[in-house]
Every structure is written in C-alpha cells, then in structure tokens.
Amino acid sequence: MHQIDLILSPKESCDSAFYLARAAELAGVPASEITSHAILRKGIDARGRGIVVNMRVALFLNGEQPVSVASKYHYGDVSQKPPVVVVG
C-alpha cells in the first residue's frame, strides 16, 4: 500500500481517473497496477485566491485489498449559489 498526498483543484478532485493517474505518477508505479484505492483524507483549503483540495489517497497494488473503506466525500456544486463572506 502506498499513501500519497495530493493538492488538486476542486474539479480535478472529482475526477478519479485524473487523481489516480497523478497518485500513481507520484508513487512511481504504473497506473495499471492499481487494483483499488481509498480516500483517507479530503479537505478544502480556501485561504488563498485559488481554492485547492488536499487529499490523501491509499493505493493498493496487485490484488491488495483495503482493510477498511473510507467514507465517500461529496461536495455539492455551489457555483450558482450567492457568494458568502467569511470574517475571522
């Protein structure tokens, strides 16, 4: 098992093919060897001008099975919602 930390745009974090290819590249393994994956951590960092998603992904290679499955994350599309001002 490999654990990889990724910093992605919100759009990239919703595309499993994209983030698995990026994680495989960072782990130094071919994407074809990944048999399963689990998202261990996912958080949004909106402190700067560009919003990023920090993810930790566990990659399981050549038939390895995850011990436990992390819960699924779903961030709804808020692009059409009114803006919010956070003070603090």
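A salt bridge, as used here, is a side-chain nitrogen of Lys or Arg within 4 Å of a carboxyl oxygen of Asp or Glu. Keep that in mind for the exercises below. The model is predicted, so local features need pLDDT of at least 70 and side-chain atom pairs count only at pLDDT 80 or more, while totals for chains, interfaces and linings use all residues. Residues are numbered from 1 along each chain as its sequence is written, and side-chain values use heavy atoms, with hydrogens and water left out.

**Exercise 1. Get the overall layout: list the helices and strands in the order of the sequence.**

Step 1. Start with the inventory: the protein has two helices and three strands. Helices (H or I, at least four residues) and strands (E, at least two) are DSSP runs, numbered from the N terminus.

Step 2. Now walk along the sequence, and you get β-α-α-β-β.

Step 3. Get a feel for the dimensions: the C-alpha trace spans about 45 × 25 × 25 Å along its principal axes.

Step 4. Check how much is hidden. Of the 88 residues, 26% count as buried. Buried means under 20% relative accessible area, exposed means over 50%, and partly exposed is in between (1.4 Å probe, protein chains only).

**Exercise 2. Work out the sheet: in which order do the strands lie, and which are the edge strands?**

Step 1. The three strands make an open sheet in the order β1-β3-β2, with antiparallel pairing. Two strands pair if DSSP finds at least two bridges between them.

Step 2. The edges are β1 and β2, since each pairs on one side only.

Step 3. Ignoring direction, neighbouring strands are turned by 20° against each other on average.

Step 4. Zoom in on one pairing: seven bridges join β1 to the antiparallel β3. For a sample bridge, look at Leu-6, whose partner in β3 is Met-55.

Step 5. Add a helix. α2 lies across β1, β2 and β3, and runs at about 125° to β1. Here axes are lines fitted to C-alpha atoms (for helices over the stretch in contact), and angles run from 0 to 180 degrees between N-to-C directions.

**Exercise 3. Find the salt bridges: how many are there in the whole structure, and which residues form a network?**

Step 1. Searching the whole structure turns up three salt bridges.

Step 2. Take Arg-41 and Asp-5, whose closest N and O atoms are 3.8 Å apart. This pair links distant parts of the chain: Arg-41 sits in strand β2 (residues 34-45) and Asp-5 in strand β1 (residues 2-8), 36 residues apart.

Step 3. Next, Arg-56 meets Asp-5 in a salt bridge at 2.7 Å, N to O. Arg-56 is in strand β3 (residues 52-61) and Asp-5 in β1, so this pair ties together parts 51 residues apart in sequence.

Step 4. How open are these three residues? Relative accessibility is 41% for Arg-41, 44% for Asp-5 and 28% for Arg-56. Arg-41 counts as partly exposed, as does Asp-5, and so does Arg-56.

Step 5. The remaining bridge joins the side chains of Asp-45 and Arg-47 at 2.8 Å, N to O. Arg-47 is exposed, at 75% relative accessibility. Through shared partners, Asp-5, Arg-41 and Arg-56 form one network.

**Exercise 4. Describe the surroundings of Asp-45: where does it lie, and what does it contact?**

Step 1. Asp-45 belongs to strand β2.

Step 2. Leaving aside neighbours within four places in sequence, Asp-45 is in contact (heavy atoms within 4.5 Å) with Gly-50, Ile-51, Val-52 and Asn-54.

**Exercise 5. Explore the largest nonpolar core: which residues touch the most other members?**

Step 1. A nonpolar core is a set of buried Ala, Val, Leu, Ile, Met, Phe, Trp, Tyr and Cys residues joined through side-chain atoms within 4.5 Å.

Step 2. The largest one has 16 residues, and Ile-4, Leu-6, Tyr-19, Met-55, Val-57 and Leu-59 touch the most other members. At least two core residues come from each of β1, α2 (16-27), β2 and β3.

Step 3. Follow Ile-4. Beyond its neighbours within four places, its contacts include Ala-23, Leu-26, Met-55 and Val-57.

Step 4. Turn to Ala-23, which is in helix α2. Ala-23 is buried, with a relative accessible area of 0%. Outside the four places either way in sequence, Ala-23 is in contact with Ile-4, Leu-6 and Leu-59.
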